[in-house]
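Here is a short briefing to keep beside the structure as you turn it on screen. The points are grouped by topic, so feel free to jump to the one you need.

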Amino acid sequence: MSEVCLLGATGSIGGSTLDVIRQHKERFSLRSAAAHSNVRRMTEISKEYPNAKLALFDEKAALELKKITGKNVLAGMAGLLELVSDCDLVLNGLTGSVGCEPTLKAIECGKKIALANKETLVMAGTVIKDALKRNPQSQITPVDSEHNAIFQCLAGRGSSEVETLHITASGGPFREWPTEKFSQITLKDALNHPVWSMGKKITIDSASMMNKGLEVIEAHFLFDIPYERIKVAVHPQSIVHSLAQFRDGSLMAQLGAPDMRIPILCAMAFPERLPLETKRIDLTQIQNLAFFEPDLKKFPCLSLAYEAGMAGGTRAAVLNAANEVLANAFIKEKIKFLDIPRGIEHCLAKIEEQSGEMNLEKILFVDSSAREEAEKFVEKICWNT
């Protein structure tokens with residue numbers, strides 16, 4: 001029995017993880033659950049798992065949940081860090097930079113980590129890698145469908161055997177839109193994802209293709225592959241989740257239904273394969289598997305992510321922080337869709353690189369500075385309109 005700490009319990013990853021736990025009660029139990037501020041959903045989780053410890057990042061929401069459940073509900077970052085210290089497996093499904101510190105704490109505590117929070121490695125890839133070297137008993141298994149696919153394709157093979165990684169992308173709702181229409185994109189348009197059902201922020205990232213940019217950076221740190229050997233391929237059918245090209249010419253792909261429970265279970269149960277009630281791919285029904293290069297003129301966020309990753313240092317932390325602020329500003333309809341890449345480029349130009357050895361304090365300082373600059377960018381747009 002593996003005791004699971006589920007971070008981001010009320011989101012789409014959290015919901016899928018809870019379903020995996022329900023299907024395998026003999027293997028997994030919910031030790032603890034945390035979310036940002038969704039009191040209603042956390043109350044439901046508490047009723048289903050009465051012995052689970054609870055935490056909410058928002059302190060007011062934590063107090064409300066405590067009154068409803070009668071439990072000692074933890075709050076803030078301190079609450080998240082306490083939960084990850086007391087479990088066997090951490091499933092980090094948090095959205096945004098808030099997921100970085102709990103991942104680092106889990107590593108320091110020697111935990112197994114199923115990582116769905118891509119911002120952890122985007123912000124602090126070097127720091128996380130150094131922590132893993134100091135704590136070899138800890139391990140990270142990726143949950144993102146693309147990285148989990150690559151993880152399965154590599155099957156433990158080293159980076160020296162890999163020629164190229166191919167990360168697939170659905171292309172989001174705008175892959176067929178002409179460039180001249182991008183200035184007219186509305187929030188409703190951007191949230192209309194053709195394949196996946198996700199939270200608002202990650203859906204906006206998919207629409208801008210920033211999610212693929214973040215995944216490229218994450219893949220670099222997960223698999224020790226140089227950026228020039230990590231490619232993005234638009235694959236509208238979302239059946240092939242990613243591929244690995246080996247130096248002998250072999251191309252390995254992982255296929256599956258677009259169901260996040262598949263990579264979640266893989267990450268939680270690795271190295272075992274456990275049964276899962278989900279849709280199976282019927283090869284006889286697949287009429288077409290298309291792949292093509294992304295249009296970087298239409299999706300400049302992808303280019304910005306490659307540039308930030310290759311630049312190294314704290315550039316990716318600036319990129320991630322600015323994108324979080326700008327994507328949320330777009331969700332609140334304060335800025336236009338095209339203001340997202342413009343604002344990111346502005347922040348990358350404004351925030352100075354931090355020299356010297358990387359550590360969490362330095363990264364969090366840069367993260368905060370980039371957020372402030374992005375907020376100024378948003379305020380300026382609001383003032384001018």
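**A buried pair to start with**

Lys-118 and Asp-144 are both buried. Their side chains form a salt bridge, with the closest N and O atoms 3.3 Å apart. Lys-118 sits in the loop between strand S6 (112-115) and helix H6 (119-134), while Asp-144 sits in the loop between strand S7 (139-142) and helix H7 (145-154), so the pair ties together parts that are 26 residues apart in sequence. Please keep in mind that this is a predicted model.

**Salt bridges**

- The count for the structure comes to 22 salt bridges.
- Glu-48 and Arg-22 are one such pair, with an N to O distance of 2.6 Å. This pair links distant parts of the chain, since Glu-48 belongs to helix H2 and Arg-22 to helix H1, 26 residues apart.
- Both partners can be seen in part from outside: Glu-48 has 36% relative accessibility and therefore counts as partly exposed, and Arg-22 is partly exposed at 30%.
- Glu-48 and Arg-22 also belong to a network, in which salt bridges that share partners join them with Asp-19, Asp-259 and Arg-261.
- Arg-41 and Glu-44 form another salt bridge, with the closest N and O atoms 3.0 Å apart. Both of these residues lie in helix H2, three residues apart, which is about one turn of the helix.
- Why does such a spacing suit a pair within one helix? An α-helix has 3.6 residues a turn, so residues three or four places apart point the same way.
- Glu-44 counts as partly exposed because its relative accessibility is 36%.

**Two helices worth a look**

- Helix H1 (residues 12-23) has 12 residues, and at 1.5 Å a residue they should span 16 Å; the end C-alpha atoms are 17 Å apart, which agrees.
- Which residues of H1 are buried? They are Ile-13, Gly-14, Ser-16, Thr-17, Leu-18, Val-20 and Ile-21.
- The cover over these buried residues of H1 includes three strands, S1 (2-7), S2 (28-35) and S5 (89-92), along with helix H2 (39-48) and helix H11 (261-269).
- Helix H13 (residues 315-331) has 17 residues and reaches 24 Å from its first C-alpha to its last, close to the 24 Å expected at 1.5 Å a residue.
- H13 is largely enclosed by the rest of the structure, because 16 of its 17 residues are buried.

**Cysteines**

- How many disulfides does a search of the whole structure find? The search finds zero.
- Cys-153 is in no disulfide, and the nearest cysteine sulfur, that of Cys-266, is 11 Å away. With 8% relative accessibility, Cys-153 counts as buried, because the cut-off for buried is under 20%.
- Cys-382 has its closest cysteine sulfur in Cys-347, 14 Å away and so too far for a bond. Cys-382 counts as partly exposed, with 33% relative accessibility.

**A nonpolar patch on the surface**

- Leu-255, Ile-281, Leu-283, Leu-289 and Phe-291 make a nonpolar surface patch of about 420 Å².
- One of these residues, Leu-255, has its place in strand S11 (residues 251-255). Leu-255 has 37% relative accessibility and so counts as partly exposed.

**Backbone points to check**

- As background, most residues other than glycine have a negative phi, and most peptide bonds are trans.
- The peptide bond from Phe-270 to Pro-271 is cis, with omega near 10°. Pro-271 is found in the loop between H11 and helix H12 (300-311).
- Met-209 is not a glycine, yet its phi is positive, at about 65°. It lies in the loop between helix H9 (200-208) and helix H10 (210-223). Is Met-209 buried or exposed? Met-209 is buried, with a relative accessible area of 2%.
- Glu-333 is likewise not a glycine and has a positive phi of about 60°. This residue follows H13, in the loop between H13 and helix H14 (339-350). Glu-333 is exposed, because its relative accessible area is 60% and the cut-off for exposed is over 50%.

Key. Residues numbered from 1 in each chain as written. Predicted model: local features only at pLDDT ≥ 70, side-chain atom pairs only at ≥ 80, totals over all residues. Heavy atoms only, no water. Helix = DSSP H or I, 4+ residues; strand = E, 2+ residues; numbered from the N terminus. Expected span 1.5 Å × (residues − 1). Buried < 20%, exposed > 50% of the residue type's maximum accessible area, 1.4 Å probe, protein only. Contact = heavy atoms within 4.5 Å. Disulfide = S-S within 2.5 Å. Patch = residues over 30% accessible without salt bridge, like charges linked within 9 Å, V, L, I, M, F, W, Y side chains within 5 Å. Areas by Shrake-Rupley, 256 points an atom, 1.4 Å probe, with all protein chains shown as cover. Salt bridge = Lys/Arg side-chain N within 4 Å of Asp/Glu carboxyl O.
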